[in-house]
Amino acid sequence: MTDAAVPAAAAPAGRGERLHPLYLLTSLPKVIKGAWGIIAGGAYLAFQDKLGLALLLLGAFLLFSIGGSLVRWLTFRFQLDDDELRVESGLINRSSRSIPFDRVTDVDIEQGPLHRLFGLARVRMETGASSAAKDSEGVLDTITLDRAEAIRQIVRAHRSGTALAQADLPQEVAETDSAPLFAMTTSRVLIAGLFNFSLAIIAALFGASQTLGDVIGFDPFSRAFWLELVASTGPLRDYVVQHRFVAALGGTLVLAAIGIGTGMIRTMLREHGFRLERTHSGFRRRRGLLTLTDVTIPARRVQASLLQTGPVRRRFGWFELKFQSLASDGGEGSHVVAPLAREYEADAIQQSLDRPMSPAPDDWRPVAPGQFRSAATLLAIGIVLSLAAAALLSPWALLGSASFAALLVTSWLEHRRSRYALSGGYLFLDGGWWKQRLAVVPVARIQSMDIAENSWTRLFRFVRMRFGVAGGSLLSSFAIDALDRADAEALREQLVAQ
């Protein structure tokens, strides 16, 4: 940001400002993203020797989409007054929105590839009304980067009760150039990608290979695929012919490799250059390879913290730290502030809020055994039925018994890890085995407490206790799934008294 940017931030006169003319270019990725159905239809028509009709379809779509972007650019105007942002848009249905700066919780700056190429940015203003919504209330899609930074500085100055002349450049630079509270190197981002592969992606690839494998010539679960691949190697080809399991094993390994590679690419695109800084009012997070996001997280709006890991991640000493906040992050109330961190790094971030990451060891209390007994009863019934089916119908039913037994072991491990503590004005909730979660909730941030039971849970003498925390996106993590009724009532009384 230059010195000339601050005067440029003054409220413009007249009818307000338009977006940058290059909005017509930066809006093209969104147009293309919404055109996959049209592209697929055009490809189908082209394969049916109807190239003219396909080109006409694609041309009409592009003309309509670009025309829509042009109309939006011509009709969209915004104006910064002394204490609010005014946005007008629409041609036939004209809308006018006023966003007082007092309601703005965050001013986030985002730069896609085209934005970065031309020195532009997308500004997103968020308010309490939009913290749990799908999108923000005030979005300026394409303006100059200097203008975006000036707008953010004006809003910050107004909220802090500082005159614009006092919200000077040195203060902004001091925040930007300060040592990061947490940062990720490229090697750590790649390690995070190894833990970010998705079983859903692997399942989708498996389904695609089974349904479209013959069409696209890629079916790693087919022996014909591997025979063709190793046709020039005699011994290996003979081995594939003699062993039927090779295709299944090879297909599984190929899809696993694709799933891991996809996770690494997604992680690199999202987390590249991750940098978290502590500012005078909260946190500033920047990340992204193609799309660079610059998000502010006011400390006073952080409601709770969630430290997550798993059996493999924990074995290597890695954790993920999230904040649940009244401010939103892409439509969600949770902010990832450390995607892959050591425990001491997560603790340092939490300590910067003057909040503990864990209670004293003696403060932990175990959960009631009722939930595990409930799950064990149902799983034991499933094991018995599977064994009976294996004896009477098919030995393949033994796979069901093995699955139920694995779930029983998992349920026992989760029960062993489940515990809670109330210490120093904070509620600590620890649990999970495959997805291990430690939630830290200030008692003052708890808005509601629900104790739930039904005929089944009464049979095993336990209740579930849920804690309502503003923000909502991590709501399932703020719960104790098994408590004696008397313990639940006592805990509620303790929370109310604090």
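Of the 498 residues of the protein, 41% count as buried. Buried means under 20% relative accessible area, exposed means over 50%, and partly exposed lies in between (1.4 Å probe, protein chains only). This is a predicted model: local features need pLDDT of at least 70, side-chain atom pairs count only at pLDDT 80 or more, and totals for chains, interfaces and linings use all residues. Residues are numbered from 1 along each chain as its sequence is written, and side-chain values use heavy atoms, with hydrogens and water left out.

**Exercise 1. Take stock of the whole protein.**

Task: State how many helices and strands the protein has, and what share of the exposed area carbon and sulfur atoms supply.

Solution.
- Step 1. Count the elements. There are 19 helices and 20 strands. Helices (H or I, at least four residues) and strands (E, at least two) are DSSP runs, numbered from the N terminus.
- Step 2. Turn to the surface. The protein exposes about 26200 Å². Carbon and sulfur atoms supply 61% of that area. Accessible areas come from the Shrake-Rupley method with a 1.4 Å probe; for residues, only the protein chains shown count as cover.
- Step 3. Look at contacts (heavy atoms within 4.5 Å). Take those between residues at least 6 apart in sequence: 57% of them join residues at least 24 apart.

**Exercise 2. Judge the confidence.**

Task: Find the mean pLDDT of the protein, and name a stretch where pLDDT stays under 50.

Solution.
- Step 1. Recall the scale. pLDDT is the predictor's confidence in each residue, from 0 to 100.
- Step 2. Read the average. The mean is 81, and 77% of the residues reach 70 or more.
- Step 3. Find weak stretches. Over residues 131-135 the pLDDT stays under 50, and the model has 14 contacts for them beyond four places in sequence. Residues 163-176 also have pLDDT below 50, with 24 contacts in the model beyond near neighbours in sequence.

**Exercise 3. Check a helix.**

Task: Compare the span of helix α17 with the expected span, then say what its buried residues pack against.

Solution.
- Step 1. Locate α17. It covers residues 398-417, which is 20 residues.
- Step 2. Compare the spans. From first C-alpha to last, α17 reaches 29 Å, close to the 28 Å expected at 1.5 Å a residue. The expected span is 1.5 Å times one less than the number of residues.
- Step 3. Look inward. S401, S411 and L413 of α17 are buried. The buried residues of α17 pack against α16 (370-392).

**Exercise 4. Map the sheet β18-β19-β20.**

Task: Give the pairing in this open sheet, and explain why one side of each edge strand lacks a neighbour.

Solution.
- Step 1. Write the order. The three strands run β18-β19-β20, with antiparallel pairing. Two strands pair if DSSP finds at least two bridges between them.
- Step 2. Find the edges. β18 (446-452) and β20 (479-483) each have a single partner strand, so one side of each is left without a neighbour in the sheet. The twist averages 15° from one strand to the next.
- Step 3. Pair β18 with β19 (residues 463-469). Six bridges join these antiparallel strands. The partner of A452 is R464, and that of S448 is G468.
- Step 4. Pair β19 with β20. Three bridges link them in the antiparallel sense. R466 stands opposite A479 in β20.
- Step 5. Test for burial. Five of the seven residues of β19 are buried, so β19 is largely enclosed by the rest of the structure.
- Step 6. Add the helix. α19 (residues 485-497) lies across β18, β19 and β20, at about 165° to β18. Axes are lines fitted to C-alpha atoms, for helices over the stretch in contact, and angles run from 0 to 180 degrees between N-to-C directions.

**Exercise 5. Examine strand β11.**

Task: How many residues of β11 (residues 302-309) are buried, and which strand do five bridges join to β11?

Solution.
- Step 1. Count. Eight of the eight residues are buried, so β11 is largely enclosed by the rest of the structure.
- Step 2. Find the partner. Five bridges join β11 to β17 (residues 436-442), and the two run antiparallel. L306 has A439 in β17 as its bridge partner.

**Exercise 6. Look at a positive phi.**

Task: Is D354 buried or exposed, and where is its place?

Solution.
- Step 1. Recall the rule. Most residues other than glycine have a negative phi.
- Step 2. Check D354. Its phi is positive, about 60°, although D354 is not a glycine.
- Step 3. Place it. D354 is in the loop between α15 (343-351) and β14 (365-366). At 68% relative accessibility, D354 counts as exposed.
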